[in-house]
Amino acid sequence: YLPSKVKIVEVGPRDGLQNEKQFIDTAVKIELVDRLSAAGFPNVEAASFVSPKWVPQMADGTEVMRGIRRRPGTVYSALTPNLRGFEAALAAGIDEVVIFGAASEAFSQRNINCSIDESLVRFEPVAQAAKAAGIRLRGSISCALACPYQGETPIASAVNVAQRLLAMGCDEIDVADTIGTGTARRVYDVMRAVTEVVDPARVSGHFHDTYGQALANILAAMQAGITIFHSSVAGLGGCPYAKGATGNVATEDVLYMLHGMGIETGVDLDAVADIGHWISGQLGRKSSSRAGSALAAR
Ligand code: HMG
Ligand code: MG
């Protein structure tokens, strides 16, 4: 089975930039979000309303949202770990908020400073507030396949967290291979297990290319019925609390594969490749997208 259409959630402005050591100007972040929405993405993860002590890079979410030109047809998302983050996101005009838990205890502690159960209790009022405000709600599961501190994550843990996020009212649930160690057969099995409890149309795959497995994993996830994927322009990012988690899968590579297979995304690959080179230049490096580099060399 293969879908004819896939939704790409571009996470570069958030999951990509959050990991950068030196503070990136708000104006650059705004230009990045605007260029991405203009390239046709249905969803851009634009900001995080988290503690600036934990992730200083994302401290200007409100200014970023105030500065962008909103494109009708693009949903702008942001991470909101608690009610305080939710209120700030709402005031900034975010369309979709993301509560983000983990399927591994150790990662939950390092990333959001509480256990999985505590995090779900903390997310409850955020979920209720989102529903009351009519805002889309997404639930993200980090380390759904493996954890940098605990090793392989049991499939039942990922399924359990997915079920609980769904019960809270999440419209979409992200299954994230935060450290990118997963391989295709296991991705297929995890996605099959999760989609036994969550409608496959509401499940997304968030893959990292740390071990070069991301495209194969996306293909395996599509065969398990998944039609939503996260990716990051130029492969920006990683995760500050997951050592060795190099890039998120590069958007250019994902688009090249999907379009080559005749799968529609509505996104302009050439435009994304240009954005990838531009933002990489801003960060003083080369794009880590293979497709992006090949397109530039033509
Ligand atoms: P804490 O220290 O346990 O809680 O942090 P706290 O309530 O004591 O807050 C600490 C300080 O932050 C306090 O300030 C709060 O006021 C402030 P102080 O009193 O010390 O001056 N604070 C806030 N400030 C602004 N906005 C807020 C907010 N909340 C508290 N919303 C907390 C707990 C969850 C807040 C913290 O651990 C945190 O912000 N964590 C976020 C970590 C993060 O963003 N990680 C990266 C995203 S996850 C990821 O990348 C994985 C994913 O992409 C999937 C994948 O790639 O696989 C999703
Ligand atoms: Mg990521």
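Q: Before we start, when do two strands count as paired here?
A: Two strands pair if DSSP finds at least two bridges between them. Keep in mind that this is a predicted model.

Q: Got it. So how many bridges join β5 to β8, and which way do they run?
A: There are four bridges between β5 and strand β8, residues 172-177, and the two run parallel. Within that pairing, Arg-138 stands opposite Glu-172 of β8.

Q: And what about β4 and β5, how many bridges there?
A: Seven bridges link strand β4, residues 96-102, to β5, and these run parallel. Val-98 is the residue opposite Arg-138 of β5.

Q: Is β5 mostly covered or mostly exposed?
A: Mostly covered, with six of its seven residues buried. β5 (136-142) also supplies at least two residues of the shell around ligand 1, as do α4 (83-92) and α5 (105-112).

Q: Nice, on to the ligand then. Which residues are closest to ligand 1?
A: Val-50, Ser-51, Gly-85, Ala-176 and Thr-178 are the closest of the 25 residues that surround ligand 1.

Q: How does that shell divide by residue type?
A: The shell around ligand 1 has 11 nonpolar, 11 polar and three charged residues.

Q: Switching topic: why is α10 described as largely enclosed?
A: Because seven of the 10 residues in helix α10 (residues 251-260) are buried. Among them are Thr-251, Asp-253, Tyr-256 and Leu-258.

Q: What do the buried residues of α10 pack against?
A: They pack against β1 (7-10), α9 (214-223), β10 (228-231), α11 (269-282) and α12 (290-297).

Q: And which residue with a positive phi follows α10?
A: That's Gly-262, with phi near 80 degrees.

Notes: Residues are numbered from 1 along each chain as its sequence is written. Chains are lettered from A and ligands numbered from 1 in the order in which they are written. This is a predicted model: local features need pLDDT of at least 70, side-chain atom pairs count only at pLDDT 80 or more; totals for chains, interfaces and linings use all residues. A residue is near a molecule or strand if its C-beta atom, placed from the backbone, lies within 6 Å of it. Ala, Val, Leu, Ile, Met, Phe, Trp, Tyr, Cys and Pro count as nonpolar, Asp, Glu, Lys and Arg as charged, and the others, Gly among them, as polar. A residue is buried if 20 or more other C-beta atoms lie within 10 Å of its own, exposed if 12 or fewer, and partly exposed in between; C-beta atoms are placed from the backbone. Two residues are in contact if their C-beta atoms, placed from the backbone, lie within 7 Å.
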